[in-house]
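Me: Please take a close look at one part of this model, residue by residue where that helps. I should like the answer to be connected, with the part set against the chain as a whole.

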Amino acid sequence: MSRSPFRCVAMAATLAALAGCAGAPLPDVSTIREPDLAFLTQVAPPGAALGTCWGKTTEPAIIETVTEQVMLQPAQVMTDGTVISPAIYKTETRQAIVRERKETWFETPCAEDMTEEFIKSVQRALSVRGLYSGSVSGVMDSRTRAAVRRFQKPQGLDSGILSLAAARQMGLSQITLEE
């Protein structure tokens, strides 16, 4: 089942309103998960090296309803410009794909590499760049994922999942040199 980000926000707002009425504490926002548009996967893309870990983002297709007037029969006009019978049109409505669905695979640090110390290093690196203002907890929480997204988005990856390329740019992962 997929959840839209708007649905998650609406659900959080409803929970907050109900909690306020009952006097109960507000829910922990760090438990709100990354949208289903980006996720880690056990499956690797075709041609991926063994032992590598991958994430995938999916941009949904944009489909637009288009309404057009189509001429069925042209107007009959005399040589002096007098219209004998007007043109006959029909209204057609159809769906048009404005942008195709797009899947983007990206290599990620593997789960065993995502230790508490590594995540603390990620948080410190993002903090130095002015992208993260939370505590250095070693937990990949919603604030950390949002900062990762802010770091990666200008490079073309709109995901809160840390890519291996971003980890390398921050100096947190080894770069393998090809011989």
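Reply: Throughout this answer, two residues are said to be in contact when they have heavy atoms within 4.5 Å of each other. The model is a predicted one. With residues up to four places away in sequence left out, Lys-90 touches Glu-68, Gln-69, Val-70 and Leu-72. Lys-90 belongs to strand β6, which covers residues 88–99. One of these partners, Gln-69, lies 21 residues from Lys-90 along the chain, yet their C-alpha atoms are separated by 5.6 Å. Lys-90 has a relative accessibility of 38%, and because the partly exposed class runs between 20% and 50%, this residue falls within it.

The setting of the whole chain comes next. The chain holds four helices and seven strands, and their order along the sequence is α-β-β-β-β-β-β-β-α-α-α. Of the contacts with a separation of 6 or more, 52% join residues 24 or more positions apart. The chain has 179 residues, and 25% of them are buried. Its accessible surface amounts to about 12,400 Å², with 58% of that area belonging to carbon and sulfur atoms.

The part chosen for the close look is the packing of two helices, α2 (residues 116–128) and α3 (residues 142–152). Their axes are 10 Å apart and form an angle of about 55 degrees. An angle under 35 degrees would count as roughly parallel and one from 65 to 115 as roughly perpendicular; α2 and α3 meet neither condition, and they are therefore oblique to each other. The crossing of α2 past α3 is left-handed. On the α2 side the contact is formed by Val-122, Gln-123 and Leu-126, and on the α3 side by Thr-144, Ala-147, Val-148 and Phe-151. Sorted by class, these residues comprise five nonpolar and two polar members, with no charged residue.

Within α2 itself, Ala-125 deserves separate attention. Its relative accessible area is 9%, which is under the 20% limit, so Ala-125 counts as buried. Beyond its neighbours within four places in sequence, Ala-125 is in contact with Met-170 and Leu-172. Gly-171 is 46 residues from Ala-125 in sequence, and the two C-alpha atoms are 8.6 Å apart.

Ala-146 offers a view from α3, the helix in which it is placed. With a relative accessible area of 29%, Ala-146 lies between the limits of 20% and 50% and is therefore partly exposed. From C-alpha to C-alpha, Ala-146 is 8.6 Å from Leu-131, a residue 15 positions away in sequence.

The approach to α2 completes the picture. Thr-115 sits in the loop that runs between β7 (102–108) and α2. At 37% relative accessibility, Thr-115 is classed as partly exposed. Val-139 is 24 residues from Thr-115 along the chain, and the C-alpha atoms of the two are separated by 8.9 Å.

Notes
Residues numbered from 1 in each chain as written. Predicted model: local features only at pLDDT ≥ 70, side-chain atom pairs only at ≥ 80, totals over all residues. Heavy atoms only, no water. Axes fitted to C-alpha atoms, helices over the stretch in contact; angles between N-to-C directions. Parallel < 35°, antiparallel > 145°, perpendicular 65-115°, else oblique. Left-handed = near helix turned anticlockwise from the far one by under 90°. Nonpolar A, V, L, I, M, F, W, Y, C, P; charged D, E, K, R; others polar. Buried < 20%, exposed > 50% of the residue type's maximum accessible area, 1.4 Å probe, protein only. Areas by Shrake-Rupley, 256 points an atom, 1.4 Å probe, with all protein chains shown as cover.
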